[in-house]
Amino acid sequence: MRSNARMRELLRATGVFGLSHQDIPPLFREVAERGWSVTASGGRVLTDLRPETPGRYVDRLAEETTVNGRGMTDYDLPAAPHERTPLLVRRCLAYVCACLREAQEQFGDSRVRAYVSLSCADTDEGLLTSNVTFCTPLADVRPCIPGLEQVRDAAVAEISAEDCRAWW
């Protein structure tokens with residue numbers, strides 16, 4: 001796993017072992033269970049997130065990250081950071097692991113990567129929020145998060161199916 005210092009700190013403070021489907025909100029669980037599709041351009045996208053009308057994208061990275069990207073459900077979580085943070089981190093990682101496992105089974109490889117970011121919302125409450133997306137890194141396309149290790153304003157990580165084996 002590649003990550004920045006803020007993500008490593010969050011992971012150390014959160015119990016991320018023993019993740020399961022129970023950690024994933026029901027709608028996200030359904031997305032993971034329904035698996036993946038391949039677009040006309042060769043993009044790997046989660047089937048339930050695929051739009052009915054194909055969009056126009058600059059490249060495959062833009063297509064995959066746009067279609068696959070979602071903010072993780074957090075409206076039902078407590079506001080207190082010491083309660084909210086570990087639950088949100090576990091939700092994100094459990095969803096990531098379920099989706100990456102499905103991708104590996106369906107495509108027969110582990111090229112799909114998950115990108116998780118956690119940061120405080122720009123609101124009066126400043127609650128911790130998160131975003132998860134997936135893409136297949138390509139040699140001729142810029143990385144999903146350039147300079148990931150140097151990001152300072154959020155906790156970010158690039159996660160592979162192999163990384164999930166330690167948590168699931």
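Start by selecting C97 and C164: a disulfide joins these two cysteines, with an S to S distance of 2.5 Å. The model you are looking at is predicted. A search of the whole structure finds 1 disulfide, so there is no second one to look for. A disulfide is a covalent bond between the sulfur atoms of two cysteines.

Turn the view to look along the link. The angle about the S-S bond is -90°, and the link of C97 and C164 is left-handed. Now colour the two helices involved. C97 lies in helix α4, residues 81-107, and C164 lies in helix α5, residues 161-164, so the bond ties together parts that are 67 residues apart in sequence. Both C97 and C164 are buried.

Next, select two cysteines outside this link. Why does C99 make no bond with C97? The sulfur of C97 is the closest cysteine sulfur to that of C99, but at 9.5 Å it is too far for a bond. C99 is buried, with a relative accessible area of 0%. Then go to C144, where the closest cysteine sulfur belongs to C135. The distance there is 4.2 Å, again too far for a bond, because a disulfide needs the sulfur atoms within 2.5 Å. C144 is also buried, with a relative accessible area of 19%; the cut-off for buried is under 20%.

Stay with helix α5 and select D163, which is found there. Which side chain of opposite charge is nearest to D163? That is R113, 6.3 Å away, and D163 has no salt bridge although it is buried. The distance explains this, because a salt bridge needs a side-chain nitrogen of Lys or Arg within 4 Å of a carboxyl oxygen of Asp or Glu. Show the surroundings of D163 as well: leaving aside neighbours within four places in sequence, D163 is in contact with M1 and E158.

The last stop is helix α2, residues 26-34. Select F28, V31 and A32, which are buried. They cover an arc of only 95° around the axis, so they sit on the same side of α2. An α-helix has 3.6 residues a turn, so residues three or four places apart point the same way. On the other side of α2, select P26 and L27, which are exposed.

To see what covers the buried residues of α2, display β3 (44-46), β4 (70-71) and α4, which are included in that cover. Finish at G35, which follows α2 and has a positive phi, near 80°.

Technical notes:
Residues numbered from 1 in each chain as written. Predicted model: local features only at pLDDT ≥ 70, side-chain atom pairs only at ≥ 80, totals over all residues. Heavy atoms only, no water. Helix = DSSP H or I, 4+ residues; strand = E, 2+ residues; numbered from the N terminus. Buried < 20%, exposed > 50% of the residue type's maximum accessible area, 1.4 Å probe, protein only. Arc of directions from axis to C-beta. Contact = heavy atoms within 4.5 Å. Lys, Arg positive; Asp, Glu negative; His and termini not counted.
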